[in-house]
Amino acid sequence: NSKPADYKIGAEATVGGAKFDQTMKTIAYPHIQTHRRYLNAEVTTKILDLKVAPVRVGYIMGSGDSVPEAIKRLGLSVTMLEEKDLSTGDLSQFDTIVVGIRASQVRPDYVANNGRVLDFVKNGGTLIVQYQQNEFIQKNMLPYPAKMDAVVNGTQRISNLRVTDENAPVKVLAPENPIFNYPNKIVASDWDNWVQERNLYCLTDFDSRYTPLLESHDEGEAEINGGMLYAQIGKGKYVYSSYSWFRQLPVGTAGAYRIFANMLSLPKAK
């Protein structure tokens with residue numbers, strides 16, 4: 001019955017009549033003097049108010065992230081999909097498949113079997129693709145056409161299209177979409193306390209068969225609505241989301257957990 005909040009839990013040991021309640025962190029490099037920091041021995045526990053549907057999840061790991069561990073914290077089992085799973089395995093055993101960051105860049109087996117993954121969607125599955133780089137476009141891996149043009153200054157490439165301000169306002173463009181309603185009702189406060197950024201590698205132009213779900217932009221810049229797209233493909237659902245779940249979930253951003261739980265739950269949404 002604890003209320004959703006952050007709770008600090010401390011630890012102490014008594015040895016020989018002396019109490020110890022600090023932890024030591026050592027900073028040691030060959031080129032500098034060794035330093036030690038002494039901090040209170042405590043961890044922060046986060047209690048979140050969220051629900052998630054009982055879905056079976058497969059995960060295609062990309063360049064490396066901690067999202068599978070976050071999904072397990074929701075009480076769901078996660079199967080890591082390897083080459084044999086993508087090439088010959090029975091993908092229909094999963095309700096939702098999640099693609100890790102930059103998988104199209106580092107997983108040639110995912111690229112080679114992208115057709116099978118999209119068939120999984122057409123047959124009724126849900127696919128959530130986290131941010132990818134330009135290889136995703138160059139290798140024609142999206143179900144419908146889209147672009148990921150760079151931000152340029154004259155002839156100089158500056159960056160990909162992203163929202164760097166983690167506090168940038170977020171506007172929900174399709175409030176009726178189940179991602180914002182089931183099983184958690186998403187509210188404005190779910191965008192609070194994000195870290196480092198909102199999104200990165202947004203799509204800059206896309207087919208009308210995609211529905212843009214969110215709009216966010218840095219102050220003084222043009223609106224960006226290519227950060228989270230939704231499409232119905234056959235019997236299934238497809239989501240491309242460049243919002244930085246891989247940064248938010250490991251640090252326990254409450255709203256990110258609630259929204260991601262809804263994304264995972266899409267197969268059970270009406």
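Residues with under 20% relative accessible area are called buried and those over 50% exposed, with partly exposed in between. By this scale Arg209 is partly exposed, because its relative accessibility is 47%. These legends describe a predicted model.

**Figure 1. Overview of the protein chain in the predicted model.** The chain comprises 8 helices and 19 strands. Along the principal axes, its C-alpha atoms fill a box of roughly 70 × 50 × 40 Å. Of its 270 residues, 44% count as buried. Ile71 belongs to helix H1, which covers residues 67-73. With a relative accessible area of 0%, Ile71 is buried. The C-alpha atoms of Ile71 and Arg157 are 36 Å apart in space, and the two residues are separated by 86 residues in sequence.

**Figure 2. The open sheet of 7 strands.** The strands follow the order S8-S7-S9-S10-S19-S18-S16, and their pairing is mixed. The sheet has strand S8 (78-80) and strand S16 (211-212) at its edges, each pairing on one side only. Within the sheet, strand S18 (residues 228-233) and strand S19 (residues 236-241) run antiparallel and are joined by 6 bridges. One residue pair can be picked out here: Met228 has Ser241 in S19 as its bridge partner.

**Figure 3. Aromatic pairs, with Trp191 and Trp194 as one example.** The whole structure contains 10 aromatic pairs. In the pair of Trp191 and Trp194, the ring centres are 5.2 Å apart and the planes stand at 35°, so the arrangement is classed as tilted. Trp191 and Trp194 are both buried. In the pair of Phe206 and Tyr210, the centres are 6.4 Å apart and the planes are at 85°, so this pair is edge-to-face. The distance lies within the 6.5 Å cut-off for pairing, and edge-to-face applies to planes over 60 degrees apart. Tyr210 counts as buried, its relative accessibility being 3%.

**Figure 4. The aromatic cluster and a charge over one of its rings.** One cluster is formed by Trp191, Trp194, Tyr243, Trp245 and Phe260. Arg198 lies over the face of Trp194, 5.2 Å from the ring centre. The cluster member Phe260 is among the buried residues of H8.

**Figure 5. Helix H8 and its surroundings.** Helix H8 spans residues 254-264. Of its 11 residues, 10 are buried, so the helix is largely enclosed by the rest of the structure. The buried residues are Gly255, Ala256, Tyr257, Arg258, Ile259, Phe260, Ala261, Asn262, Met263 and Leu264.

**Figure 6. The salt bridge between Lys8 and Glu42.** A search of the whole structure gives 11 salt bridges. In the one between Lys8 and Glu42, the closest N and O atoms are 3.9 Å apart. Lys8 is in strand S1 (residues 5-10) and Glu42 in strand S6 (residues 42-47), so the pair ties together parts that are 34 residues apart in sequence. Lys8 counts as exposed at 60% relative accessibility, and Glu42 is partly exposed at 39%.

**Figure 7. Salt bridges of Asp109 and Asp207, and a network.** Asp109 forms a salt bridge with Arg107, with 2.8 Å between the closest N and O atoms. Asp109 is buried at 11% relative accessibility, and Arg107 is buried with a relative accessible area of 12%. Asp207 forms a salt bridge with Arg209, and here the closest N and O atoms are 2.9 Å apart. Asp207 is buried, with a relative accessible area of 19%, whereas Arg209 is partly exposed at 47%. Elsewhere, salt bridges link Arg162, Glu197 and Arg247 in a network.

**Figure 8. A nonpolar surface patch made by Ile27, Tyr29 and Ile32.** The patch has an area of about 270 Å². Tyr29 is placed in the loop between strand S4 (22-27) and strand S5 (35-40). At 49% relative accessibility, Tyr29 counts as partly exposed.

Technical notes: Residues are numbered from 1 along each chain as its sequence is written. This is a predicted model: local features need pLDDT of at least 70, side-chain atom pairs count only at pLDDT 80 or more; totals for chains, interfaces and linings use all residues. Side-chain values use heavy atoms; hydrogens and water are left out. Two strands pair if DSSP finds at least two bridges between them. Helices (H or I, at least four residues) and strands (E, at least two) are DSSP runs, numbered from the N terminus. Rings of Phe, Tyr and Trp (its six-membered ring) pair if their centres lie within 6.5 Å; planes under 30 degrees apart count as stacked, over 60 as edge-to-face and the rest as tilted. Buried means under 20% relative accessible area, exposed over 50%, partly exposed in between (1.4 Å probe, protein chains only). A charge sits over a ring if NZ of Lys or CZ of Arg is within 6 Å of the ring centre and within 35 degrees of the ring normal. Patches are made of residues with over 30% relative accessible area and no salt bridge: like charges are joined within 9 Å, nonpolar side chains (Val, Leu, Ile, Met, Phe, Trp, Tyr) within 5 Å. Accessible areas come from the Shrake-Rupley method with a 1.4 Å probe; for residues, only the protein chains shown count as cover. A salt bridge is a side-chain nitrogen of Lys or Arg within 4 Å of a carboxyl oxygen of Asp or Glu.
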